[in-house]
Each structure stands twice: as structure tokens, then as C-alpha cells.
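This report is meant for someone meeting the structure for the first time. It begins with the chain as a whole and then turns to a pocket and to single residues.

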Amino acid sequence: MLKINRENLRNSHETPWLILDLVMLGVLFVNLAWLIFDALYATDFIYAQINAYFPALVNAYDPIHHNFLLVDLVFIGIFLTEFCFRWAVAIARKEHLRWYFFPFLHWYDLVGLIPLGATRLFRFLRIFSILHRLHKFQIIDLNQTAIFRFFAFYYDVFVEELSDRIVVKVLSDAQKDIAAGSPLVDDITHNVLAPRRPVITQWLAGVVNHLGQSISSQEHGQVIREHVRKSVGKAVRSNAQVSTLNYLPVIGKTIENTLEESVTDIVTMSLVNLLSDLDAQRIDHFMSVGMHDYTPTADALDKEVLDVINECLELVKSHVAQQRWKSQLMEKESAVPSSTPPRAPKPTPPAK
């Protein structure tokens, strides 16, 4: 049920406007009811029935019916006066950026003032305008009404069904273009990645420098240093010239261990210095010059990239095609308790 929030009504100082809206709403209902009655009165069937049962009403209303435009002009005058009054108040309050914005934003009021059969239907929009104004000031809450929830639900259903089919259609066309040999990978490389190469090289330089600092750290670089030590030790021990040091009595093994530790330290520090000294300029130069002649299996790589894109689009299509409104409707129906009360258990007959 639609309730009026009296506290918000007092705080918004919209009580005079609410009274005016209610008065105009009453005038609007009278005008619309009169329009409907006059349209029915113009039909032969209704005219014959009224003439048969209420001949005095026919004699009294015939002059009004033949001059109904004058009657409608009275209502039009009331609506036009109210429209001009609201326009003047909007100008005084500076509700819009320009003074002439008001009639454009409330065009339906002006169209409804035209005394034609089709344009008179726009007077119905005044009802929604009044309700929207009250809802905007939180005097009433349309979200709590059953009618609003009903129309909002089916509006969401319509928008979801329409948008899902459009998105699926667009993605399907994109998949067809990719399958037909669309140069998507080249476009991504030249139009997306190439303009951002300075940013990518700067980021890559930061990653490489951070990696060098991590290796030199006593806490985080222990794993890398241990791996380098094992690799260098294995290489030193398998070297034919170094293995001859074992034939030296007493000091041969010591020299070999010292040499292994020295080479390990040299290799580790060289790796740290290499990673720490690389900057964005050197990486960019390496990518533009050193990678210029690098030609990997481009066809296989392009195919894999296109397969990844196609699979991603397929997943997006499957998620978009899910009708979420059905699951919401099922949840609402499952949350509503059954209207049939549970049956009481039958009494147990007494034992004989």
C-alpha cells in the first residue's frame, strides 16, 4: 500500500505543492472521465441506450456534447495556468540551467493541452509526473508498491532478454570474423600494444630491477643463490681442467672448493648487477633491435591466441545467455510459504 512519509513531507516543505498536485489530480480525473463519457456518448449504441432510459439526460447533455470543445477549453485553461505557474516557480528557484528548459522537459504537458483526441491521452502522463515528483522527495516510496515491483520485474525481463540476444549476436559475429582469418592478433599488436610499449618496458624494467634486489637480499634471494651455487658447483666439478686439481696432494681439494665458491659469488653478483642495471631504455632498445629478426612459429602462436580469444568469447556467451530472471522468480516462489495449512494428524483410536 502507498504510504505518505509525513516527516519527509514536512522537511521538504512540499506540502503546498502536494495540495496543488492533489487538486490538479482531481481536476485531471474529472477531465479524463468527462472525455471518456463524451467519447462513449458519441457512439450510436450508448446514445440509444441513454435516450431510451434517460431521455432527460440526452436533452440536457446534447448542447454540451455539440460544444464540448468549449468545455475542454476550460480544463485546458486550468492546466495551462498551472503549467505557467510551475514554470515561473522553476525560474525563480533556478531549477534548470536555462529558463526555457522547463517546457522542453515537460513537453507532455504542452502536448496534452492540444484539444485533439490523440493528444489528450498525454494528460495521463501528468499522473506519473506527480507520482515521480513525490517519489523524488521521498514523500512516497514507489519501490514498495506491488504495481511498481510487477512492472519493474517484467521490464528487467524484457531488457535482459533483449540485451542478452544482442550481446550473443555480437560475440557470434566476432567469432565468425576470427574464424575467417580476421587479423585480430596483428591489430592488437600494432594498435594496442605498440603505442603502450614505453609503459610496458618501464613496467618490465621495474620487475627486473626488483628481481635483482630480491636475489641480493639475504632473506628472499636464498633460493636463487642456492640454485646458482649448485649449478656452478656442478659445472666446476665436471670441468676437466678443474678436476685435475684433485691430483695435488693436500691442497687440491681446498683449491677446488675455493674456486667453486669464488665462481659462485662472481656469477651471482654478475646476475644481480645485470638485473639491477637494466632500465626501460635498454629494454626498449633490446626489443626494437635485438628482437627485430626474431621469427618464432608465428602461425602456431597466432592460432593459440585466437583459440584463447574464441574460448573466452564462448564462455562470455554462455554466461550472458543464462536467464537470471528465471532463477530470481524461482527463488521468490520458493520463499513464499504454501497457502494450504498442514493437516492435523488423525487421532489414534483407543485400544480395545
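Among contacts in the chain with a separation of 6 or more, 67% are between residues 24 or more positions apart. The model shown here is predicted.

## The chain as a whole

The chain has 352 residues, and 25% of them count as buried. Its secondary structure comes to 17 helices and zero strands. The accessible surface of the chain is about 25900 Å², and carbon and sulfur atoms hold 66% of that area.

How many disulfides does a search of the whole structure find? The search finds zero. As for single cysteines, Cys 84 has a relative accessible area of 40% and is partly exposed. Cys 312 is partly exposed as well, with a value of 44%.

## The second largest pocket

Rolling a probe the size of a water molecule over the atoms shows where empty space is left. In this model, the second largest pocket holds about 500 Å³ of space. The pocket is lined by 23 residues, and those closest to its centre are Arg 86, Glu 95, Phe 102, His 106 and Arg 133.

Which helices each supply at least two residues of this lining? They are helix H2 (15-41), helix H5 (68-93), helix H7 (107-112) and helix H8 (125-136). Sorted by class, the lining has ten charged residues, nine nonpolar residues and four polar ones.

Lys 94 lies in the loop between H5 and helix H6 (101-105). The phi angle of Lys 94 is near 55°, which is a positive value in a residue other than glycine. Is Lys 94 buried or exposed? Lys 94 counts as exposed because its relative accessibility, 72%, is over the 50% cut-off.

## Four residues in helices

The next residues each sit in a helix. The table gives the place of each one and its relative accessible area.

| Residue | Helix | Relative accessible area |
|---|---|---|
| Arg 10 | H1 (residues 6-12) | 54%, exposed |
| Tyr 47 | H3 (residues 44-53) | 31%, partly exposed |
| His 65 | H4 (residues 55-66) | 22%, partly exposed |
| Thr 268 | H14 (residues 252-277) | 8%, buried |

Arg 10, in helix H1, is exposed because its relative accessible area of 54% is over 50%. Arg 10 and Ile 139 are 129 residues apart in sequence, while their C-alpha atoms are 9.2 Å apart in space.

Tyr 47 belongs to helix H3. At 31% relative accessibility, Tyr 47 falls between the cut-offs of 20% and 50%, so this residue counts as partly exposed. Which residues does Tyr 47 contact, leaving aside its neighbours within four places in sequence? Those residues are Tyr 41, Val 58 and Asp 62. Val 58 is eleven residues from Tyr 47 along the chain, and 8.0 Å separates the two C-alpha atoms.

His 65 is part of helix H4. With a relative accessible area of 22%, His 65 is partly exposed, because buried would require a value under 20%. Not counting residues up to four places away in sequence, His 65 touches Asp 38, Tyr 41 and Ala 42. Tyr 41 is thus named among the contacts of His 65 and also among those of Tyr 47. The C-alpha atoms of His 65 and Asp 38 are separated by 6.7 Å, with the two residues 27 positions apart along the chain.

Thr 268 is found in helix H14. Why does Thr 268 count as buried? Thr 268 is buried because its relative accessible area, 8%, is under 20%. When residues up to four places away in sequence are not counted, Thr 268 touches Ile 215, Arg 225 and Val 228. Thr 268 and Gly 212 are 56 residues apart in sequence, and their C-alpha atoms lie 9.9 Å apart in space.

Technical notes. Residues numbered from 1 in each chain as written. Predicted model: local features only at pLDDT ≥ 70, side-chain atom pairs only at ≥ 80, totals over all residues. Heavy atoms only, no water. 1 Å grid on protein atoms, 1.4 Å probe; cavity = no way out; pocket = protein on both sides within 12 Å on 5 of 7 lines; lining within 4 Å. Points joined across faces, edges and corners; volume = space filled by probe spheres on them. Helix = DSSP H or I, 4+ residues; strand = E, 2+ residues; numbered from the N terminus. Nonpolar A, V, L, I, M, F, W, Y, C, P; charged D, E, K, R; others polar. Buried < 20%, exposed > 50% of the residue type's maximum accessible area, 1.4 Å probe, protein only. Contact = heavy atoms within 4.5 Å. Areas by Shrake-Rupley, 256 points an atom, 1.4 Å probe, with all protein chains shown as cover. Disulfide = S-S within 2.5 Å.
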